[in-house]
Amino acid sequence: MKQLFRWAVGLMLAALVGSAGAADVLLGAGDVVKMSVFGNADLTLETRVSESGSITVPLIGEVAVGGLSTSAAEKKVAGLLESGGFVKKPQVNLLVTVLNSQQVSVLGQVNRPGRYPVEGRRSVLEMLAQAGGSAQDGAETIVLIRTKDGKSTRELIDIIGLVRDGELQRNLEVLGGDVLYVERAPRVYIYGEVQRPGSFRLERGMTVVQALSAGGGLTARGTERDIRIKRRDAGGKLEVIKAKHDDLLRNDDVVYVSESWF
């Protein structure tokens, strides 16, 4: 059932990719733009926005475009060309060919980690979709790290809970420079008298008996009367807990099934 839910989330992410249309881009340092003026081929150029946020346009010189949308930059260049008496009613077109200023890093357990441009308004889920979604071992949460005024903040976003509860207000808008990180999914470890000892993904609300099921059940020598959980407390001290079937497991718990003496 949980796998089916994750599958549904994957479909939703795919839909987000499909629905992400072109949007007006805010220009910034490092962006490469191609400019053309209708009927004035000699004004066509491809240039990079400087660190100070400006481009150099023939006839009018340096134009500050940093922080402007492409449409606003088009109007500004057109206005300068017309007010300078160089072109009558110019039709300026700016196309961003390389978007370097507004990028988000998507890292960790995703299918295509990397840096992705933020073209217009984009949400956390949309950026996750751009990165191919969570990998098989990915957690059901995303960490959003944002640096503003020299200070970094960290916010944990519950992907499954967000979709299940329909609370899309928690699907935050991303900004250039943000980092999204998907950690590895929490795991539990099972050993002793079970058919398939090893490590397994810790599902939400996973109980001891569900973990035993994931491990293939008991061997012929295993006993349900002596199952123990080995768990480290907040201070790192190892506790050994005699387990009940409906006990909830935590990340990095180790479940041990003893051999029956009878």
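Begin by selecting M35 in this predicted model, and display its surroundings: leaving aside residues up to four places away in sequence, M35 touches L43, T44, L45, V57, V77, V92, N93 and L94.

Keep M35 on screen and add V77 and L81, since these three are the residues with the most contacts inside the largest nonpolar core, which has 19 residues. To see where this core comes from, colour β1 (32-37), β3 (54-57), α2 (70-83) and β5 (92-98), the elements that each give two or more residues to it. Of these, α2 deserves its own colour, because with four residues α2 gives the most to this core.

Next, select V124, I142, I159 and L180, which are included in a second core of 18 residues, separate from the one around M35.

Now switch to a cartoon view and pick out β12, β11, β15, β13 and β14, which in that order form an open sheet of five strands with mixed pairing. At the edges you will find β12 (198-201) and β14 (238-242), each of which has a single partner strand, so that one side of each is left without a neighbour in the sheet. If you look along the sheet, neighbouring strands are turned against each other by 25° on average, direction ignored.

Finally, turn to one pair within this sheet. Strands of a sheet pair through backbone hydrogen bonds, in either a parallel or an antiparallel manner. Strand β13 (residues 222-232) and strand β15 (residues 254-259) run antiparallel and are joined by five bridges. Select G222 to end the tour, and across from it, in β15, you will find E259 standing opposite.

Note on methods: Residues are numbered from 1 along each chain as its sequence is written. This is a predicted model: local features need pLDDT of at least 70, side-chain atom pairs count only at pLDDT 80 or more; totals for chains, interfaces and linings use all residues. Side-chain values use heavy atoms; hydrogens and water are left out. A nonpolar core is a set of buried Ala, Val, Leu, Ile, Met, Phe, Trp, Tyr and Cys residues joined through side-chain atoms within 4.5 Å. Buried means under 20% relative accessible area, exposed over 50%, partly exposed in between (1.4 Å probe, protein chains only). Contact means heavy atoms within 4.5 Å. Two strands pair if DSSP finds at least two bridges between them. Axes are lines fitted to C-alpha atoms, for helices over the stretch in contact, and angles run from 0 to 180 degrees between N-to-C directions.
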